[in-house]
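Got a minute to go through a model together? Let's ask what lies behind the labels people put on it.

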Amino acid sequence: AKSAAECLRDGKFAITETGLAVTFTSGPHIGGAGTLDGAGVAVMVTCVQDGARTFIEVTGTSLNGNAAGDARNRVRTITMGPPS
């Protein structure tokens with residue numbers, strides 16, 4: 001389990017580790033954009049804490065569906081970390 005602050009920190013790391021630039025931070029959200037698999041992509045990580053639990057949502061978008069899924073999956077894997 002991780003706090004919302006830890007989730008946002010890990011989301012920022014995941015975005016940059018994936019080769020994207022952080023382009024948006026506001027409240028429970030952090031977003032990034034760039035090029036992945038030869039296509040423009042954008043991702044957003046949302047981290048909402050409710051008591052001891054943090055709910056994490058990662059979305060990806062692109063005109064190339066495969067690139068969108070790849071970006072989302074890479075960022076999600078790094079942000080979520082191993083199961084606890």
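**Labels and the reasons for them**

Q: In this predicted model, which residue in β3 is the bridge partner of H29?
A: That would be T46, which sits opposite H29 as its bridge partner in β3.

Q: What makes β2 and β3 a pair?
A: Pairing takes at least two bridges between the strands. Eight bridges join β2 to β3, so they count as a pair, and the two run antiparallel.

Q: And what makes β1 and β2 a pair?
A: The cut-off is again at least two bridges. Strand β1 (residues 21–26) and strand β2 (residues 29–36) are joined by five, so they qualify; they run antiparallel. A21, for one, stands opposite A33 in β2. The two strands form a hairpin with two residues between them, and G27 in the turn has a positive phi of about 55°.

Q: What is the strand order of the open sheet?
A: The four strands go β1-β2-β3-β4, with antiparallel pairing.

Q: Why are β1 and β4 called edge strands?
A: β1 and β4 (53–62) each pair on one side only. Neighbouring strands of this sheet are turned by 20° against each other on average, direction ignored.

Q: What does α2 touch when it packs on the sheet?
A: Helix α2 touches β2, β3 and β4, and its direction makes about 155° with that of β4.

Q: Why is T79, in helix α2 (residues 65–80), called buried?
A: Buried means under 20% relative accessible area. T79 comes in at 0%, so the label fits. Leaving out residues up to four places away in sequence, T79 touches K2, C7, D10, G11, A14, V45 and I56.

Q: C7 is also in that list. How do you know that C7 and C47 form a disulfide?
A: The sulfur atoms must lie within 2.5 Å. Those of C7 and C47 are 1.9 Å apart, so the pair passes. A search of the whole structure finds one disulfide.

Q: What makes this disulfide left-handed?
A: The torsion about the S-S bond of C7 and C47 is about -65°, so the disulfide is called left-handed. The pair links distant parts of the chain: C7 belongs to helix α1 (residues 4–17) and C47 to strand β3 (residues 39–50), 40 residues apart.

Q: Are C7 and C47 buried or exposed?
A: Both C7 and C47 are buried.

Technical notes
Residues numbered from 1 in each chain as written. Predicted model: local features only at pLDDT ≥ 70, side-chain atom pairs only at ≥ 80, totals over all residues. Heavy atoms only, no water. Buried < 20%, exposed > 50% of the residue type's maximum accessible area, 1.4 Å probe, protein only. Contact = heavy atoms within 4.5 Å. Axes fitted to C-alpha atoms, helices over the stretch in contact; angles between N-to-C directions.
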